Each structure stands twice: as structure tokens, then as C-alpha cells.
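Biologist: Please take me through this structure by question and answer, with each term explained as it arises.

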Amino acid sequence: MVEEAVVDLDECRKPTQLPQPVGYQLLIALPESKETTDGGVYMPDSIREREEAASITGMVLAIGPDAYKDKARFPSGPYCAVGDWIIMQPYTGSRLIIHKKEFRLINDDCVRAIVDDPRGVVRA
């Protein structure tokens, strides 16, 4: 007797890896927003999603092959490297949700600064 395999179609459709940026794009991971405030108040999912969308910090996960190659635009070289925490404008780039985590694809010139520790960096 042959056993039938049970396949979970939703599981098969889940992405198994992060996208590799092309051209002059950078792949940025956003920090997860806290479930509660410092005072212990629960933050609803809708508010946490808005905070993530407006996030101004992120970690560089990958850099496209053409990013920072234009010597006229970047005479001092790249603004950042893989593993750097950066500051960018809120709502910058294309938002991606993968396995319930948010990522962004941004242009190489959207990096505003590098920070050693993004904790405590917030929008004014």
C-alpha cells in the first residue's frame, strides 16, 4: 500500500530566502517594534505596523552589484556596508513582509547616516 503525502500549500508558498537586491538597491532589515511600551502598555498590531512603516533605522543586509559604483555621485566611496545600522527617511523604499518581518529595498543614495546603536533613535 502506498502512503499519500500530505502537502501544506501555504507552507510551500512561503519564501525560503531573502531577495537579493539588484542594480543600485540595498536590502534593509527593520528593527521589530516592541509589543509593549516602556510603561508596560500593550501596543496593538495596527500601531506597531504604523511604527515599522515609518521606521527611520535599519540594518543593511545586502547591497546590489551597482550600488555606489558611480564615482561622480559617490566620490568618497560607499555610504555604508553590509551589517551597518543606517538612518533613512521614513517610508523610504519598497516595503516587503517576509515571515512576518519587514524589510525594505532602498536606493543607495537614501542612506542619511550610519549609527553604532539604533536603540533610542526615533523620529521627531
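**Contacts, sheet and cores**

Biologist: Leaving aside neighbours within four places in sequence, with which residues is Val 115 in contact?

Modeller: Contact here means heavy atoms within 4.5 Å. With its neighbours within four places in sequence left aside, Val 115 is in contact with Trp 85 and Ile 87.

Biologist: On what kind of model do these statements rest?

Modeller: Residues are numbered from 1 along each chain as its sequence is written, and side-chain values use heavy atoms, without hydrogens or water. Local features need pLDDT of at least 70 and side-chain atom pairs count only at pLDDT 80 or more, while totals for chains, interfaces and linings use all residues, since this is a predicted model.

Biologist: In which element does the protein chain have its highest mean confidence?

Modeller: The predictor's confidence in each residue is pLDDT, on a scale from 0 to 100. The chain mean is 81, and 70% of the residues reach 70 or more. Over residues 1–7 pLDDT stays under 50, and the model has 1 contact beyond four places in sequence for them. Confidence is lowest in helix 1 (residues 9–13), at a mean of 53, and highest, at 96, in strand 1 (residues 25–29).

Biologist: In what order do the strands form the sheet?

Modeller: Helices (H or I, at least four residues) and strands (E, at least two) are DSSP runs numbered from the N terminus, and two strands pair if DSSP finds at least two bridges between them. The protein chain has 2 helices and 6 strands, in the pattern α-β-α-β-β-β-β-β along the sequence. The 6 strands form an open sheet with antiparallel pairing, in the order 4-5-1-2-3-6.

Biologist: Which residue stands opposite Ile 97 in strand 5?

Modeller: Strand 4 (residues 94–98) runs antiparallel to strand 5 (residues 101–107), and 5 bridges join them. The two form a hairpin with 2 residues between them, where His 99 in the turn has a positive phi of about 50 degrees. Opposite Ile 97 in strand 5 stands Glu 102.

Biologist: Which residue of strand 2 stands opposite Ala 29?

Modeller: Strand 1 pairs with strand 2 (residues 57–63) in the antiparallel sense, over 4 bridges. The residue of strand 2 opposite Ala 29 is Met 59.

Biologist: Why does Arg 104 count as buried?

Modeller: Arg 104 is located in strand 5, and a polar atom of its side chain lies 3.3 Å from the backbone oxygen of Thr 92. Residues under 20% relative accessible area are termed buried, those over 50% exposed and those in between partly exposed (1.4 Å probe, protein chains only). Arg 104 counts as buried because its relative accessible area is 0%.

Biologist: Which residues touch the most other members of the largest nonpolar core?

Modeller: A nonpolar core is a set of buried Ala, Val, Leu, Ile, Met, Phe, Trp, Tyr and Cys residues joined through side-chain atoms within 4.5 Å. Residues up to four places away in sequence not counted, Tyr 68 touches Leu 26, Phe 74, Pro 78, Tyr 79, Cys 80, Asp 108 and Val 111. Of the 13 residues in the largest core, those that touch the most other members are Leu 26, Ile 28, Tyr 68, Cys 80, Ile 86 and Ile 106.

Biologist: How many residues belong to the other core, which includes Phe 103?

Modeller: This other core lies apart from the largest one, and Ala 29, Ala 62 and Leu 105 are among its members. Its residues number 6.

Notes. Polar contact = N/O pair within 3.5 Å; in protein donor to acceptor, adjacent residues only side chain to side chain.
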